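I opened a fresh page for this one. I wanted to look up the sheet and then the cysteines.

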Amino acid sequence: MTPDEFQLIINKIVPHTNYIYLHVLGEPLLHPQLDDILSIAEKANLKINITTNGSLLEKKKEILLNHSIRQYNISLHDAEENLKPSEWGNYIDSVLNFTALATPKSYVSLRLWNSTNADSLPFDEQCLSAIAKKYIIADKDFMLNKKNGVKLNEHIFLQSAPRFEWPNEDNETSTKPKTCYALKDHIAILSDGSVVPCCLDADANLLLGNIFEEELSSIIETEKAQKIKKGFAEHKTVEPFCNSCGFNIDKNE
């Protein structure tokens, strides 16, 4: 997405929201014009939230710290899947060092969303040990026993949650009652302008419209969008695609 395209989107969403989240199954810090993107969102007085795997925080810290970021959500569990065990220590130290620099003016949520995966225990143990040492926490195990996360220090939180399956046609489907944040309090806009109900639909399986061609107010009032929203309000899925998704507010909260 170019800065000009991003500006067009911002112009269309500001009547609807005060918040913007930069993610959707992608690493926002990879954007070659990240500085411009953040400046555009700032000028629109939007509260900027970034979801990142944390691998580029050190490299991009000068840009990031020069902007007003409301919150960083750092998916620590991504490193366990994509880095060698010998690299875990440097990664964790890098994240915690950045966190210390960012928290005077930003919130940081450290995420360990893999609590149902037994193979993740060594990585989690290393993370928790480093965090406990950094924030002088005597009992590191208590950090995983809090349903809604724990406060580590001013503006710094740790969240643990079960691993969930991203929606995929190859997944086992379920028709059990479920509800979701989709269209209730968020939508997602992909890099080509596609508007979808939620941030897990990175391939636009539930395409609602295109913000480069339509107004957002029209897109979210379409019959398809309203049916999906009404269904989740009644704990029902109306789209088969949603039956392949492992996220469920009832289960995850």
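My notes on the sheet and the cysteines follow.

**Entry 1: the sheet.** I kept in mind that this is a predicted model. I went for the strands and found six of them in an open sheet, running in the order β1-β2-β3-β4-β6-β5. The pairing is mixed. For background, strands of a sheet pair through backbone hydrogen bonds, and they do so either parallel or antiparallel.

Next I asked which strands sit at the edges. They are β1 (19-22) and β5 (150-153), each of which pairs on one side only. I also looked up the twist: ignoring direction, neighbouring strands here are turned by 20° against each other on average.

**Entry 2: one pair up close.** I picked β4 (residues 107-112) and β6 (residues 156-160), which pair in the parallel sense over five bridges. Within this pair, L110 stands opposite L158 in β6.

Then I checked what packs on the sheet there. Helix α6 (residues 121-134) does, touching β4, β5 and β6. The direction of α6 makes about 150° with that of β4.

**Entry 3: the cysteines.** How many disulfides does a search of the whole structure find? It finds zero. I wondered why C180 has no bond to C198, which holds the closest cysteine sulfur. The sulfur of C180 is 5.3 Å from that one, so it is too far for a bond; the cut-off is 2.5 Å. C180 is also buried, at a relative accessible area of 13%.

I tried C199 as well, and C199 is in no disulfide either. Its nearest cysteine sulfur is again that of C198, 5.6 Å away.

Technical notes. Residues numbered from 1 in each chain as written. Predicted model: local features only at pLDDT ≥ 70, side-chain atom pairs only at ≥ 80, totals over all residues. Heavy atoms only, no water. Pairing = 2+ DSSP bridges. Helix = DSSP H or I, 4+ residues; strand = E, 2+ residues; numbered from the N terminus. Axes fitted to C-alpha atoms, helices over the stretch in contact; angles between N-to-C directions. Contact = heavy atoms within 4.5 Å. Buried < 20%, exposed > 50% of the residue type's maximum accessible area, 1.4 Å probe, protein only.
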